[in-house]
Amino acid sequence: MKTLLSKKVLIPLLALVMLAVGSSFKSDFFEIAKQIEIFTTLFKELNMNYVDETNPAELMDTAIKNMLDDLDPYTKFLNEQDVEAYKINNAGEYSGIGSLVRSYDSKLVIIEPYKGYPADKAGLKAGDEIIKIGDISIADFKDDASELLKGANNTKVEVTYQRQGKINTTVIEREAIEVDAVPFYNMVNENTGYIVLSKFNAKASSQTKAALLDLKGKGAEQIILDLRGNPGGLLSEAINVTNLFVPKGELIVTTKSKVKKFNSEYKTKNQPVEEDIPLVVLINGGSASASEIVSGSLQDLDRAVIIGARSFGKGLVQRPLRLTYGTQLKVTISRYYTPSGRCIQSLDYWNRDENGNAVKTTKFNEFRTRNGRKVEDGGGVMPDIEIAALKTNALTKALINNSVVFDFATNYYYQNTITNVADFDFSSSDFEEFRNYVSQSNFNFETKTEKALKEAITGDDKAIYGADIQDSYKSLLAEISKRKLNALETYQKEIQINLQDEIIKRYFYREGLYQYYLKNDEAILTAVDLMEDKAKYQSVLK
């Protein structure tokens with residue numbers, strides 16, 4: 001019995017020692033082995049003795065994912081299905097219906113059908129609620145029902161969906177879907193080219209290069225690179241995209257980790273396509289990770305003027321590590337630093353507040369660009385020229401996250417006819433209609449002040465305050481609720497931009513939205529004006 005127990009502890013201990021030596025990881029090896037053994041025996045006893053039948057795979061999946069939730073939102077356990085989805089996202093190719101879909105308990109909502117792809121050909125529109133796929137009701141399907149829409153090329157699937165209260169059916173024939181990293185590029189005027197880079201998949205640098213060369217052939221003497229809403233992707237592609245505009249051998253990003261082998265310096269390897277062409281990069285709060293490597297490095301090297309709003313602030317690097325049975329661990333291995341030495345990570349996941357939320361960086365360190373301009377770390381990339389309407393605020397985010405903007409756009413589409421994107425005009429009466437829509441909806445946006453007041457009213461001390469004080473609290477809450485509705489006017493410009501974007505996509509797809517931007521987008525117009533004034537452009541960089 002003693003020999004058996006020794007082997008039982010020795011084997012995991014040896015494995016852990018080998019892992020630790022290979023990664024220079026210092027820890028209490030006995031404590032790790034102890035906790036592994038406790039978990040193993042618990043898992044075994046639970047599955048053997050629990051009153052009902054258990055699903056060991058689901059239990060373990062839940063246990064692992066909950067454990068990782070205490071670290072950061074980017075460290076994830078990928079089961080076999082997750083691994084495939086991860087590969088598809090980075091490759092930019094998959095087989096399916098060609099639509100962005102959001103999953104709910106009882107339905108799948110079409111968020112954006114891609115022009116010319118199966119969902120679009122089958123007549124599906126943004127806002128359609130899929131309630132049945134084949135003979136399977138979404139409400140009765142426990143797993144991710146969106147997986148049922150995937151399948152081999154040329155296979156068909158029948159879907160039942162609800163649109164504006166009516167039930168419809170259609171048949172979708174799946175096909176190969178190619179997700180472009182550059183969904184749009186065009187000339188803004190006779191000498192200004194505009195490139196939208198929406199994600200950093202394996203096609204990012206090659207498609208950006210192709211767009212750049214094509215625009216140069218059409219007369220582009222200055223370039224606007226739009227990274228707004230780009231969530232990032234492959235680190236290698238971020239370096240390759242930057243390399244299109246900076247010389248070979250230039251340091252773009254440094255990664256620093258407690259594990260020595262993950263400490264690296266990444267430099268450009270190729271000759272640039274355009275080393276001197278005037279360049280403006282557009283960013284906003286949705287520009288993250290690889291987008292921040294590109295914008296941050298171009299800013300540090302004084303190679304581009306950054307216009308827009310502060311970026312997201314993701315300075316953490318992940319790497320997929322292979323586990324057994326086709327699973328992987330996508331783990332945060334290091335932080336990245338731009339050429340000036342700054343890390344732009346915004347949230348501190350290792351020093352949380354009393355509610356367990358990551359703490360937002362409020363103290364920034366100062367760094368210098370190559371030309372000596374001041375830049376800061378810790379809160380995303382700060383643009384050289386800010387566009388106020390692109391700044392994020394809690395109310396606008398809440399309206400978007402609660403699908404209020406999306407649902408209003410759906411109703412707008414079925415109530416209004418627009419045949420040309422140039423004719424689109426979101427009027428003041430349209431915004432007033434949106435304001436009424438919000439007031440009549442069940443939209444509930446709770447501020448920190450409201451939360452504190454409600455806790456005070458319902459807390460243990462309410463008996464001490466007395467009825468008159470509680471009534472005052474309630475009156476104050478009612479007034480706050482009223483003022484929140486008035487805040488729609490305060491942030492009208494920011495909210496209206498999101499409404500316009502969502503509405504235009506309904507009529508003219510994403511391509512039409514970018515066409516609209518060329519003539520109406522404040523950031524693009526600001527960029528064009530800046531580059532037309534050569535002295536002003538150079539003064540920003542110097």
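R342 is buried in this predicted model, at 1% relative accessibility. Its side chain meets that of D300 in a salt bridge, 2.8 Å from N to O. D300 is buried too, with a relative accessible area of 2%. The chain holds 23 salt bridges, and 43% of its 542 residues are buried.

**Salt bridges**

- The D300–R342 pair links distant parts of the chain, 42 residues apart. D300 belongs to helix 8 (residues 290-300). R342 sits in the loop between strand 18 (328-337) and strand 19 (347-352).
- Both partners count as buried because their relative accessible areas, 2% for D300 and 1% for R342, fall under the 20% cut-off.
- K493 and E522 form another salt bridge through their side chains, at 3.6 Å from N to O. This pair also joins distant parts of the chain: K493 is in helix 15 and E522 in helix 16 (residues 522-532), 29 residues apart.
- How exposed is K493? At 53% relative accessibility, K493 counts as exposed. E522 is partly exposed, with a relative accessible area of 34%.
- E502 and R506 meet in a salt bridge of 3.3 Å, N to O. Both lie in helix 15, four residues apart, which is about one turn of the helix. Both are buried.
- D61, K65 and D82 are linked in a network of salt bridges.

**Nonpolar cores**

- The largest nonpolar core has 88 residues. Y194, L399 and F434 touch the most other members.
- Helix 15 (residues 492-520) gives this core its largest share, eleven residues.
- A second, separate core has 15 residues, including I110, I138, L149 and V159.
- In soluble globular proteins, nonpolar side chains tend to be buried together.
- What does Y194 touch, leaving out residues up to four places away in sequence? Its contacts include F184, Y185, N186 and V188. L215, I224, D226 and R228 are also among them. So are Y514, Y517, L518 and I524.

**The six-stranded sheet**

- Six strands form an open sheet with mixed pairing. Their order is 10-11-12-15-16-23.
- Strand 10 (184-189) and strand 23 (385-386) stand at the edges. Each has a single partner strand, so one side of each is left without a neighbour in the sheet.
- Strand 10 pairs with strand 11 (residues 192-196) in the antiparallel sense, over five bridges. Y185 stands opposite I195 of strand 11.
- Strands of a sheet pair through backbone hydrogen bonds, either parallel or antiparallel.

**Helices against the sheet**

- Helix 6 (residues 204-217) packs on the sheet and touches strand 10, strand 11 and strand 12 (222-226). The direction of helix 6 makes about 160° with that of strand 11.
- Helix 8 lies across strand 12, strand 15 (279-283) and strand 16 (305-308). Helix 8 runs at about 140° to strand 15. This is the helix that carries D300 of the buried salt bridge.

**Two buried loop residues**

- N393 lies in the loop between strand 23 and helix 9. N393 is buried, with a relative accessible area of 10%.
- Which residues does N393 touch, not counting those up to four places away in sequence? They are Y491 and E494.
- The C-alpha atoms of N393 and I495 are separated by 9.6 Å, although these residues are 102 apart along the chain.
- S403 lies in the loop between helix 9 (394-401) and helix 10 (404-415). Is S403 buried or exposed? At 9% relative accessibility, S403 counts as buried.
- Leaving aside neighbours within four places in sequence, S403 is in contact with R102 and Y104.

**Whole-chain figures**

- The chain has 17 helices and 23 strands.
- Of the contacts with a separation of 6 or more, 67% come from residues 24 or more positions apart.
- The accessible surface comes to about 29200 Å². Carbon and sulfur atoms account for 51% of that surface.

How values were computed:
Residues are numbered from 1 along each chain as its sequence is written. This is a predicted model: local features need pLDDT of at least 70, side-chain atom pairs count only at pLDDT 80 or more; totals for chains, interfaces and linings use all residues. Side-chain values use heavy atoms; hydrogens and water are left out. A nonpolar core is a set of buried Ala, Val, Leu, Ile, Met, Phe, Trp, Tyr and Cys residues joined through side-chain atoms within 4.5 Å. Buried means under 20% relative accessible area, exposed over 50%, partly exposed in between (1.4 Å probe, protein chains only). Contact means heavy atoms within 4.5 Å. A salt bridge is a side-chain nitrogen of Lys or Arg within 4 Å of a carboxyl oxygen of Asp or Glu. Accessible areas come from the Shrake-Rupley method with a 1.4 Å probe; for residues, only the protein chains shown count as cover. Two strands pair if DSSP finds at least two bridges between them. Axes are lines fitted to C-alpha atoms, for helices over the stretch in contact, and angles run from 0 to 180 degrees between N-to-C directions.
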